[in-house]
Every structure is written in C-alpha cells, then in structure tokens.
Amino acid sequence: MDLHVSLSARGDLSGEIYRQIRCAILERRIRAGDRLPSSRDLARTLRVARMTVVVAYERLAGEGFLVTRVGAGTFVSDQLIRSRSLVAPTATARSPSRCIEQRESVGPVGRGRDSTHSRSLRARSVWDTIPLPSVFARPARYDFRSGVPDLAMFPHRAWRRAMSRALGADVTSTGAYADPAGHHGLREAIARHIGVARGVRATVDDIVVTAGTQQALDLIARVLLEPSDRVAVEDPGYVMPRRLFATLGVRVSGVPVDGEGVVVESLPHDARLVYVTPSHQYPTGVSMSLARRVALLAWAERRDAVLIEDDYDTEFRFDGRPVESLQSLDRNGRVIYVGSFSKTLLPTLRVGFLVAPAPLRAALVKARFVSDWHGALPIQSAIARFIEDGEFARHLRRMRRVYAARREAIVDTLSRTFEAELRVVPSTAGLHVAAVACHASVERMAEVARRAADLDVAVQELAWFAHDVPSTPGLVLGYGSIAEDQIGEGLRRLRDCFV
Ligand SMILES: Cc1ncc(COP(=O)(O)O)c(C=O)c1O
C-alpha cells in the first residue's frame, strides 16, 4: 500500500507519523483491514530510524487503530468498520494538524455517509478518538504508574464503620432525592478543609460535590462553553480534560509549561477557559510561581476568561511552604477551584468537588441536577463522617509519611545512579516525579519504557502527555502503588533498560 506521510525535518517525527496515519484512518483514506507498510519499509521511505515508525505504530495499536498479526503484518483495525462514524473523505486536502482539530470539533454535521446504519445510530466521530483505559490489565510488579494512591493502605475498617452509619440513619433522614449541590455535612467539611489547608475562600453554599474532578470539569464546560469557544490546557498536561473538552465540540489548544508553570504569553488570546494544575503541574510536577499566578490572573481579567484550578494532590506536600492557591489570590472571582478525593481516599469512590464563583453557582447546581441529580448520597455522607471523626486527617498524616519516604527513595536513586540519563524536575508535592532525559530522544525513551515493561516495570513516558507542543523526552514515576522496599529493585531494572 502506498501510504503518504510527509515529514518536516525537525521535531517529534514519531508523533507526526502517528498523527498523519490516525488522520488518514479517520478520514477513510486508509480503511479498516488495510495493511500498512512494514515499519522497516516505511522507515526507509521516510529516511527515519525504524524505531521512530515502531513507536508510532505501537501508539496507534494501543489506541485501537491498528492491529498486528504475527507473520502477516500491521493492519487498520476491523473495529473501525463497526464504529461506522468516521469523517467524510472530503477532508482529505486538509493538513494533518487541522484534520485533528476539525475532527475533534466536528458537530452533528460533517460525518461520513454510511448506507448500512441509520444516521441516528451514528455516534459523533469524536468518540472514535477516545480510547478506553486498560484498567483490566494486570499491574506490573514494579508499578511506577502516576496518579494512583496506595489502595492497600486505605483504612478499610474505619471506612466500613463510616459507611455503615451512612447507610443507616442518614438514608432515612434524607428524602428520596436530595440537594443536587451534594450532602450538606460534606460540603461543610470540604469548605473547612480547603479553607484551612489551601486558604480557599468558600462557604458551604459555594461547594458543589461532584463525581470526581472529571465531572466538575464537565459541569463547568457545559455551563460556560459554546461550540465555537476555545479552551486552553497545559501541554504537557492531564489528558482527561483535553479529551472531555474535545468531546463537547470546542477547540482545545495546548499551551507550553516551563519551570514556573503555564507560559502566560503563549495562551491563545481567544481562550474562554483555561485549565491549570498550579500546585503540582501534571505531569512535570512544577509548582507555578507566585509571579506567574499573578500574571495568569491578570491575563484572565484582561481577556475576560475563566480559570480552572485543579488542586488534585497537594494534600501530599513534602517540602517548603505551599504557594497560595490561585483562588485565594483571585480578587475578581474568575477562578473555579476543583478538588478530588481520588488521591486522598480512593479513585473508585468517584467523589470530588468544585468551588463555584457566585455568578455560576445556580447554573452549576442545575447542571449537576440534570446530569445525575446528586450522585450517591451514602458515600458523600460517609466521607463527611470520616472527616468529622478525624479519620481523614489521620489517614493523610500516615500517607504523607509513607509517600515522603517512597519519593525520597526514588529521587535519591535517580540523582545518584541515573545522573547521565535523567534529570529530576524539582517538585515538592504529589504522588509522582518527572525526570527529563539528559540526551535521549522521545523514541529512545519510548524504547526504555517498553523494555521496562518487559522487565515487569511500569513507567510512563513524558511524551505521552503532550498535545500540540513538541514532546519532551523523559519519564514520569509515580510512587502511589509501589511499596518502599520494591523501589530499589524496580529502579535497578529500569537502569538496565538504558544500557
Ligand atoms: C491532574 C489530575 N487531576 C485530577 C485527577 C483526579 O481525577 P478524578 O477526581 O476525576 O478521579 C487526576 C487523576 O489522576 C489528575 O491526574
């Protein structure tokens, strides 16, 4: 098959190959079942290293666009025949990057024709771009994945007590349905907690309990955004908001991050909403400087934009004075503060919250109401009791010690034995550290991560979090899921992957 890929001489070649093939599949220039050239042949044609093509093919396979049959070659996945919702071939003339933005923002028009299925049964094409997580995969023995707390150290007994009380009297004392803003006692507890720990200004009436950060972002987007709006996200950054915003049909732009946080001068002038993680940038770990916070707030005021402050894991702070939250510095009510119990308790509880600025409060509560009314009240009530009884604070104190020791072990080993390969990005909080490659390319780091997986070590590549900005070669190492006494062996194995 004659696959056309055009590469400019610089930048992330693997990423460019990945994007162009993905685009060609989505626009049906290559179809389900088509066989792709071997990585060797394509590498020869494009005059790039074979590994550059292998990395692109593997990423496409990971997202379900390609399948590899041993001995037969690499093919466009048959599953794409079944989805039957690809964009029309008329988009062929568009440049690859436009193809991605167009496809992600495509509304109810502009989809391909399909004679077999009725139009009404066709999902919008943007859903083809959303991969499902491989949550059922067996975790690696040395699990350095980021973003997951230690499930084994969750205080199950205390939680069961809180849950059983919540399922008793609390259930009968609330009506059949309750306030969409969430459990009153939990909202009081949250307002107190973030007031003390993060200086966030909030009363019980400002808090809306949500199903995690993800639903908080969904409610905010649905309340604020029109389809023509632009949202800016950090790049590299957390992929979930990016995906969520794309499914809502808005334009999503990645904005670079430096040692002080998101680069304010690079924000698109027409961004209506900006999503940031100032306390512990995900994934680099950088804490946004005070000067940058002030500049970002001033920018938002000038541009009439709204800022989302995702403060997802700063309960685990190990060093230094916490920089004030963006929300507490904001004098104009432009910041929506968002928090989660996914790191402090369990991600599977699906409980988070947002602090609504006064003008948006009513709409945000209504958005929760039309979405799922109020989520599971017994769980919210149990968390409230857990906090009131002091169990939450006790659990946080314990986990802070545990994570601090793991973090120190990782940072110490990386600084001592990986000094020629990796430079740890300074950070003081959270459940992961990032390390930038001293010399290696993005492709090389992909190879390291792959070899690590073969040795039962799970690490993430920094490049995986990139959006529009060229990827930075490096690794992200989480310590939520790995016991301290396994870190040494895990990193020894990782060390072997650089040889
Ligand atoms: C940057 C960031 N924000 C928030 C969360 C938590 O999201 P949720 O509350 O939806 O589980 C995560 C989880 O990994 C994260 O990485």
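The lining of the second largest cavity divides into 6 nonpolar, 2 polar and 2 charged residues. This cavity belongs to a predicted model. Its space comes to about 30 Å³. Pro 149, Asp 150 and Phe 154 are among the residues that line it. Phe 316 takes part too, as do Lys 343, Thr 344 and Leu 345. His 395, Met 399 and Tyr 403 complete the lining. The two charged residues are Asp 150 and Lys 343.

Rolling a probe the size of a water molecule over the atoms shows where empty space is left. How many cavities of 30 Å³ or more are there? The count comes to 2.

Turn now to the largest cavity. About 40 Å³ of space lies in it. Its lining includes Ile 190, His 193 and Glu 315. Ser 340, Phe 341 and Thr 344 also line this cavity, along with Phe 353 and Phe 392. By class, 4 of these residues are nonpolar, 3 are polar and 1 is charged. Thr 344 appears in the linings of both cavities.

Next comes a sheet. Strands of a sheet pair through backbone hydrogen bonds, either parallel or antiparallel. Here the sheet is open and has 4 strands, with antiparallel pairing. Their order is S13-S14-S17-S16. Which strands lie at the edges? They are S13, residues 422–424, and S16, residues 460–461. Each of these pairs on one side only.

Follow S16 to its partner. Strand S17 covers residues 474–478, and 2 bridges join it to S16. The two strands run antiparallel. Within this pairing, Gln 460 has Val 476 of S17 as its bridge partner.

Definitions and conventions
Residues are numbered from 1 along each chain as its sequence is written. This is a predicted model: local features need pLDDT of at least 70, side-chain atom pairs count only at pLDDT 80 or more; totals for chains, interfaces and linings use all residues. Side-chain values use heavy atoms; hydrogens and water are left out. Two strands pair if DSSP finds at least two bridges between them. On a 1 Å grid over the protein atoms alone, a cavity is a set of points where a 1.4 Å probe fits but cannot get out, and a pocket is an open set with protein on both sides within 12 Å along at least five of seven lines; lining residues have an atom within 4 Å of a point. Grid points are joined across faces, edges and corners, and a volume is the space filled by probe spheres set on the points.
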